[in-house]
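Colleague: I have this model open and would like a close look at a single part of it. Could you walk me through one helix and its setting?

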Amino acid sequence: MYLLIPAAGMGRRMGSDRNKLLLTLLEKPLLAWTLLAAEASRHIQWIGIVGQPEDWPDFKEIIASVSLTKPVELIQGGSTRQESVYNGLQALPPEADRVLIHDGARCLATPELLDRCAEALLECSGLIAAIPVKDTIKVVEPQTHWINSTPERQFLWAAQTPQGFDVAQLKQCHETGRSQGWEVTDDAALFEKCNLPVRIVPGEETNLKVTTPVDLAIAEFILRQRLSSSIPT
Ligand SMILES: Nc1ccn([C@@H]2O[C@H](COP(=O)(O)OP(=O)(O)OP(=O)(O)O)[C@@H](O)[C@H]2O)c(=O)n1
Ligand SMILES: C[C@](O)(CO)[C@H](O)COP(=O)(O)O
C-alpha cells in the first residue's frame with residue numbers, strides 16, 4: 001500500500017513560528033511519531049512525505065533518526081492541504097492503484113489503524129477513518145451566532161485520516177475540484193462532491209490532529225500512557 005503524508009502546513013493555530021510537525025513530543029518531532037506508525041504497519045510499502053522545501057533538511061534528519069526501512073520520497077507541498085495532496089498524487093509511482101492519505105499532524109494513529117484501512121481499501125474505492133461525534137452539534141448563523149438547527153447526532157461522525165482511495169478516481173476528483181474551484185478540507189469531500197461512495201472505517205479516539213497547544217499536551221498524556229503500558233513489568 002502506498003502512503004502519502006501531507007506535512008506541508010504552517011501550524012498557524014498552534015501559534016508556532018515553524019511547521020508544527022517539527023515540534024517535539026516526548027523527545028521526538030511529531031513527524032517522527034507518524035513515521036514510526038507507518039514503519040510498523042504491515043501493509044505500507046512506500047511513503048511519500050509532502051512538505052515545504054525549507055523543511056526538507058529537518059525531514060531528512062527525522063527520516064534517518066527513525067531508521068525507516070521503507071522507500072521514502074519527499075514531495076513539494078502546496079499552499080493548501082488540498083494542493084499538497086494533489087502534488088502527492090502526481091508523484092506516486094505509476095504502479096500505485098490504491099493510496100492512503102494520512103495527516104502528519106495525526107501522529108498518534110496506530111499501525112493497526114493504518115492496516116485496518118489498507119485492508120478495507122481492498123474491498124472499496126473510497127474510505128475514511130472516523131469516530132461518532134460525542135458532543136451535540138449546533139448549526140449557527142455565522143454573523144449573529146443564533147442557532148439554526150441541531151442535527152441528529154446519530155448521523156454525525158468526526159472525520160479523521162487515514163483516508164484511502166482508488167488513485168485514478170481520486171486524481172480525477174482533484175482535477176474536477178480544481179476546474180470547479182472547490183475548496184475542501186479532506187479528500188473524501190472531493191469524492192462526495194463527485195457522487196462517489198465513501199465508507200467509514202472505525203477510527204481511534206486517540207487519533208487526534210495536533211492543531212492547538214492543548215492538543216499537544218493531550219497527545220503527550222496519551223503517548224506517556226501508551227508507552228508506560230507497553231513496558232513489561
Ligand atoms: N498547505 C498545507 C497545509 C496543511 N498540510 C498538512 O495537512 C495536515 C492537516 O493540516 P492542519 O492541521 O490544518 O495543519 P497546518 O496547516 O499546519 O495548521 P494551521 O491550519 O493551524 O496553520 C497537516 O499534517 C499539515 O501539515 C499540508 O500538507 N499542506
Ligand atoms: C483531513 C482532516 O484531518 C480530517 O479531519 C482535516 O479535515 C484536516 O484539515 P483541517 O482543515 O486542519 O481540519
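Modeller: Happy to; what follows stays mainly with one helix and then turns briefly to the ligands. Please keep in mind that this is a predicted model.

Let's take helix H1, residues 30–40. Of its 11 residues, 8 are buried, so the helix is largely enclosed by the rest of the structure. The buried stretch begins with Leu30, Leu31, Ala32, Trp33, Thr34 and Leu35, and Ala37 and Ala38 are buried too.

What lies over those buried residues? The cover includes four strands, S1 (2–6), S2 (24–25), S3 (28–29) and S4 (46–51), along with helices H2 (56–65) and H4 (111–120).

Leu31 is a good residue to zoom in on. Leaving aside residues up to four places away in sequence, Leu31 touches Ala7, Leu21, Phe59, Ile62 and Gly104. Leu31 is also among the members that touch the most others in the largest nonpolar core, a set of 51 residues, together with Leu3, Leu100, Leu114 and Cys117. H1 supplies the largest share of this core, with 7 residues.

Now for the ligands. Ligand 1 has 23 residues around it, and Pro6, Gly9, Arg12, Arg13 and Ser84 come nearest. That shell divides into 8 nonpolar, 9 polar and 6 charged residues. Around ligand 2 you will find Arg81, Asp103, Ala159, Gln160, Thr161, Thr185, Asp186 and Lys209, which split into 1 nonpolar, 3 polar and 4 charged. Strand S10 (residues 157–166) gives the most to the ligand 2 shell, with 3 residues.

Key:
Residues numbered from 1 in each chain as written. Chains lettered and ligands numbered in written order. Predicted model: local features only at pLDDT ≥ 70, side-chain atom pairs only at ≥ 80, totals over all residues. Near = placed C-beta within 6 Å. Helix = DSSP H or I, 4+ residues; strand = E, 2+ residues; numbered from the N terminus. Nonpolar A, V, L, I, M, F, W, Y, C, P; charged D, E, K, R; others polar. Buried ≥ 20, exposed ≤ 12 C-beta atoms within 10 Å, placed from the backbone. Contact = placed C-beta atoms within 7 Å. Core = buried A, V, L, I, M, F, W, Y, C linked by C-beta atoms within 7 Å.
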